[in-house]
Amino acid sequence: MTGLSVRRFPSHDGLELAYRELGTGRPLVLLHGFTAHGPQLIDPGPAGTIAERGYRVILPDLRGHGDSARPHDPVSYPPDVLADDGLALIEWLGLDDYDLGGYSLGARIVLRVLVRGAQPARAIVAGQGLTAISRASRQGGRYRRVLTALVNGHALAPGSADAEQAHWITQLGGDPQALLHVLDTHVPTSEAALSRLTTPTLVAVGDEDHASASAEALAATLPNARFTKVPGNHFTALTSPELAAAIMAFLGRPS
């Protein structure tokens with residue numbers, strides 16, 4: 001699955017970004033989480049199951065991730081640029097009747113794209129909660145600390161949670177400097193703005209995810225949302241068959 005050919009498109013600022021496609025049928029743009037890349041939504045994520053059910057699943061690599069451009073100049077990471085990129089991809093592909101979904105950071109981008117005028121028929125917001133979406137403070141926490149240590153070549157305590165996170169970022173081929181800049185692109189979305197979104201939306205979260213209660217609050221804020229919990233924490237819920245099943249129950253088989 002990860003051998004899918006890489007395709008390219010220019011974003012609004014001319015930066016070249018990557019995407020892959022899996023399956024044929026109704027288009028579904030699916031956005032990955034922070035430090036990940038598109039193919040991780042295939043194996044062990046839900047994209048393969050969705051494609052088998054008659055969907056053309058479009059999997060971009062976010063700016064600063066995967067096979068997309070990873071510039072180190074902070075000028076390339078203005079506020080809300082990931083939403084800019086999502087809108088650019090939709091326009092580049094000429095999509096007018098499509099669905100849109102994302103996991104974790106990808107889910108946050110889905111909501112930003114909706115607020116800025118995208119009109120998918122349905123939306124999927126998974127692994128994300130109201131608190132992270134609506135707060136205006138600097139984002140990152142442990143990610144910012146770990147990425148800063150990697151950029152500066154600072155040692156992390158062996159066996160610590162920070163060291164484990166640094167290991168996975170390195171194993172995934174992440175670019176610490178680019179990822180640090182990505183953290184600063186976050187634009188909060190107010191509850192008032194969310195309450196005006198009428199797109200039918202599935203809000204899904206792992207039952208052991210730290211964002212579980214906040215995800216339920218997010219679903220309550222969206223006027224046309226369905227809320228569901230699936231087994232797992234923030235990382236393992238993505239791999240659960242129940243997440244793929246919940247998405248398919250929401251989307252249905254394309255006509």
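1. Contacts of L218. In this predicted model, L218 touches L111, V125, Q128, G129, L130, I133, L194 and V203, leaving aside its neighbours within four places in sequence. Two of these partners, L111 and L194, recur with L218 in the largest nonpolar core: of its 49 residues, these three touch the most other members. A second, separate core holds 24 residues, including L28, I42, V57 and M248.

2. Helix α9. L218 is one of the buried residues of helix α9, which spans residues 212-221. The others on that list are S212, S214, A215, A219 and T221. The cover over these buried residues includes the helices α3 (105-115), α4 (130-134) and α8 (191-194). Strands β6 (123-126), β7 (201-206) and β8 (225-230) are also among the elements that cover them. On the spacing within a helix, an α-helix has 3.6 residues a turn, so residues three or four places apart point the same way.

3. Overall form. The protein has ten helices and eight strands. Its radius of gyration is 17 Å, which agrees with the value near 18 Å for a compact globule of 255 residues. Taken along the principal axes, the C-alpha atoms fill a box of roughly 55 × 40 × 35 Å. Buried residues account for 55% of the 255 residues. Of the contacts between residues at least 6 apart in sequence, 71% join residues at least 24 apart.

4. Largest pocket. The largest pocket contains about 1400 Å³ of space. Its lining comprises 48 residues, and those nearest its centre are F34, S104, Y143, H234 and F235. Two or more lining residues come from each of α2, α3, α4, α5 (142-152), α6 and α7 (176-183). Helix α6 gives the most, with five residues. By class, the lining divides into 22 nonpolar, 20 polar and six charged residues.

5. Largest cavity. Which residues line the largest cavity? They are F9, L17, L31, P60, D61, L62, R63, L82, D85, G86 and L89. Helix α2 (residues 81-93) supplies the largest share of this lining, four residues. Seven of the lining residues are nonpolar, one is polar and three are charged. The space in this cavity is about 70 Å³. The structure holds three cavities of 30 Å³ or more.

6. Second largest cavity. About 60 Å³ of space lies here. The lining consists of L30, L41, P46, G102, Y103, I124, A126, L238, L243 and I247. The elements that give two or more residues to it are β5 (99-103), β6 and α10 (241-251). Nine of the lining residues are nonpolar and one is polar, with no charged residues.

7. D162. This aspartate lies in helix α6, residues 161-171. Is D162 buried or exposed? D162 counts as buried because its relative accessible area is 14%, and the cut-off for buried is under 20%. Beyond its neighbours within four places in sequence, D162 is in contact with R142, R145, V146 and L156.

8. L179. Helix α7 contains L179. Its relative accessibility is 1%, so L179 counts as buried. Not counting residues up to four places away in sequence, L179 touches F34, T35, G64, H65, L147, I169 and G174. One of these partners, F34, is also among the residues that lie nearest the centre of the largest pocket. L179 and L100 are 79 residues apart in sequence, and their C-alpha atoms are 23 Å apart in space.

9. T199. The loop between α8 and β7 holds T199. T199 counts as buried because its relative accessibility is 14%. What does T199 touch, not counting residues up to four places away in sequence? Its partners are L114, P120, A121, R122, A123 and N224. A separation of 15 Å lies between the C-alpha atoms of T199 and G102, which are 97 residues apart along the chain. G102 is one of the residues that line the second largest cavity.

How values were computed:
Residues numbered from 1 in each chain as written. Predicted model: local features only at pLDDT ≥ 70, side-chain atom pairs only at ≥ 80, totals over all residues. Heavy atoms only, no water. Core = buried A, V, L, I, M, F, W, Y, C linked by side-chain atoms within 4.5 Å. Buried < 20%, exposed > 50% of the residue type's maximum accessible area, 1.4 Å probe, protein only. Contact = heavy atoms within 4.5 Å. 1 Å grid on protein atoms, 1.4 Å probe; cavity = no way out; pocket = protein on both sides within 12 Å on 5 of 7 lines; lining within 4 Å. Points joined across faces, edges and corners; volume = space filled by probe spheres on them. Nonpolar A, V, L, I, M, F, W, Y, C, P; charged D, E, K, R; others polar. Rg over C-alpha atoms; globule rule 2.2 N^0.38 Å.
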